[in-house]
Protein chains: 2
Amino acid sequence: MSSRKPPVWPELAIVLVEPKLDLNVGAVARALKNFNIGRLVLVAPGCDHLSDKARALSCGADDLLEKAEVFADLESALAGFRLVVGTTARIGKYCSPVYTPAESAAKIAELGAGLPAAIMFGREDFGLSREQRRYSHILSSIPVNPDFSSLNLAQSVLLYGYEMSRHFPAAVASLPAAAAPADQAELQGMYSHLRQTLTRHGFLNPSNPDHLLEYLRRLFGRAGMSSREVRIIRGIMSLIDRLGDR
Amino acid sequence: MSSRKPPVWPELAIVLVEPKLDLNVGAVARALKNFNIGRLVLVAPGCDHLSDKARALSCGADDLLEKAEVFADLESALAGFRLVVGTTARIGKYCSPVYTPAESAAKIAELGAGLPAAIMFGREDFGLSREQRRYSHILSSIPVNPDFSSLNLAQSVLLYGYEMSRHFPAAVASLPAAAAPADQAELQGMYSHLRQTLTRHGFLNPSNPDHLLEYLRRLFGRAGMSSREVRIIRGIMSLIDRLGDR
């Protein structure tokens, strides 16, 4: 769990254009670090991204705040990027097509690792202006409730980070997978055991033991049993057998 | 954009177990409303979810805070739910399998609309305890940087809301799709026009006009051109034609 992982995307940057609130920048740094994204670019920030509040909200991602790249204007901030995704909540008719976060992440992944790509977010209250949007290769938006479409900045950044990480699983921890399913021999052995034991003790009808057994087949089949789970169920049958033998 | 949309999932609830900070509960309410999720359940909250801070952070989702369902214990809070997803950052060996947010959302969608499902989040600092986790049908986790795995509560809720909304697109605004691609007749008409005009004015080599033209075919083909875009390019060729005729 504590092995060092490489950044999701060595040259992926999150660009915040004119962020107003230091606590938002701090929360963004935390979200970036959650997904191992290493570059934070600030364009004409309207706040001090090294303030105590920003540091507190970063919850330990101070390093990202400290190495944030600060630019006075968007043109110089974006000069080196080969793909720029502009996020927007304004999905008017001149913006089509607008890519979902998943589609945008796929587009960045398509560019290939190691080439600088930016996902750009506008000011908390207004988003990207029309002029700022013009630097985008593609436009992207999170499809939300049209009656309540204002998203928190750091939450939005987290969502794009999550979508990027799905393309670069090496950058995040892997979740424990399900154990391999038991094989048919194990399963049929278990069902024979169930039939024998439960019939012997009068739980299943000897003239039609498979009637109730079929429910158990459907239940266990749906869940997908591991070898260990098969052994646990057989253990319970063995317990019944022992109790019946006393 | 302002038509009323139905909640993402009439009976989907986000359950916060022992939330400590009112501002987190407020930020969660905002995230729920972003995805049209209508039910917020609070279990033994350690804060006042109707405080000024909570309301401020909800950014207008006060209604969700006001109708939050508050319970003293987890058992009564969860009694009516038919599927409970427990979120956890502790992905130890007894938790396997752990579902991703996407897999969890698919599992909830499989349950079917209208049946009560809950996604449960533990305390900000500790997450769900082992005892609290036992109420879960399935466990879920957001795969993150193993060296920086503590996620903000409202950000996590937003991510699950987003994954749910992908199964219930009717609950969120749809993004403007790309215009239909131009048909082959339009495209070949455009390429003929390009060949003719650009050869006539010496831009293409008359003995091999298709050499440079092939680059344009690859460029325009990769982007996928709409009928309107074909007309714009042809308009530029017509401009060249007119200027050449003067």
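Which residues of the largest nonpolar core touch the most other members?

## The core

In this model, the most-connected members of the 107-residue largest nonpolar core are Val15(A), Val28(A), Leu32(A), Val15(B), Val28(B) and Leu32(B). A nonpolar core here is a set of buried Ala, Val, Leu, Ile, Met, Phe, Trp, Tyr and Cys residues joined through C-beta atoms within 7 Å. Buried means that 20 or more other C-beta atoms lie within 10 Å of a residue's own, exposed means 12 or fewer, and partly exposed is in between, with C-beta atoms placed from the backbone.

This is a predicted model, in which local features need pLDDT of at least 70, side-chain atom pairs count only at pLDDT 80 or more, and totals for chains, interfaces and linings use all residues. Residues are numbered from 1 along each chain as its sequence is written, while chains are lettered from A and ligands numbered from 1 in the order in which they are written.

Take Val28(A): beyond its neighbours within four places in sequence, Val28(A) is in contact with Ile14(A), Leu16(A), Leu40(A), Leu153(A), Ala154(A) and Val157(A). Contact means that the C-beta atoms of two residues, placed from the backbone, lie within 7 Å.

## Where the chains meet

Chain A brings 48 residues to the contact and chain B brings 47 residues. On the side of chain A that touches chain B, α1 (22–34) and α7 (153–167) of chain A are the elements giving two or more residues, and α7(A) gives the most, with six residues. Helices (H or I, at least four residues) and strands (E, at least two) are DSSP runs, numbered from the N terminus.

## The sheet of chain B

Let us turn to the sheet. Seven strands of chain B make an open, parallel sheet in the order β3-β2-β1-β6-β4-β7-β5. Because β3 (69–71) and β5 (98–99) of chain B are at the edges with a single partner strand each, one side of each has no neighbour in the sheet. Strands pair if DSSP finds at least two bridges between them; two bridges join β5(B) to the parallel strand β7 (residues 138–140) of chain B, where Tyr99(B) stands opposite Ser140(B).

## Two helices in chain B

Ser238(B) sits in helix α10 (residues 227–245) of chain B and counts as partly exposed, because it has 13 C-beta neighbours inside 10 Å. The C-alpha atoms of Ser238(B) and Pro146(B) are separated by 59 Å, with the two residues 92 apart along the chain.

Helix α1 (residues 22–34) of chain B lies across β1 (12–17) and β2 (39–43) of chain B.

How values were computed:
Axes fitted to C-alpha atoms, helices over the stretch in contact; angles between N-to-C directions.
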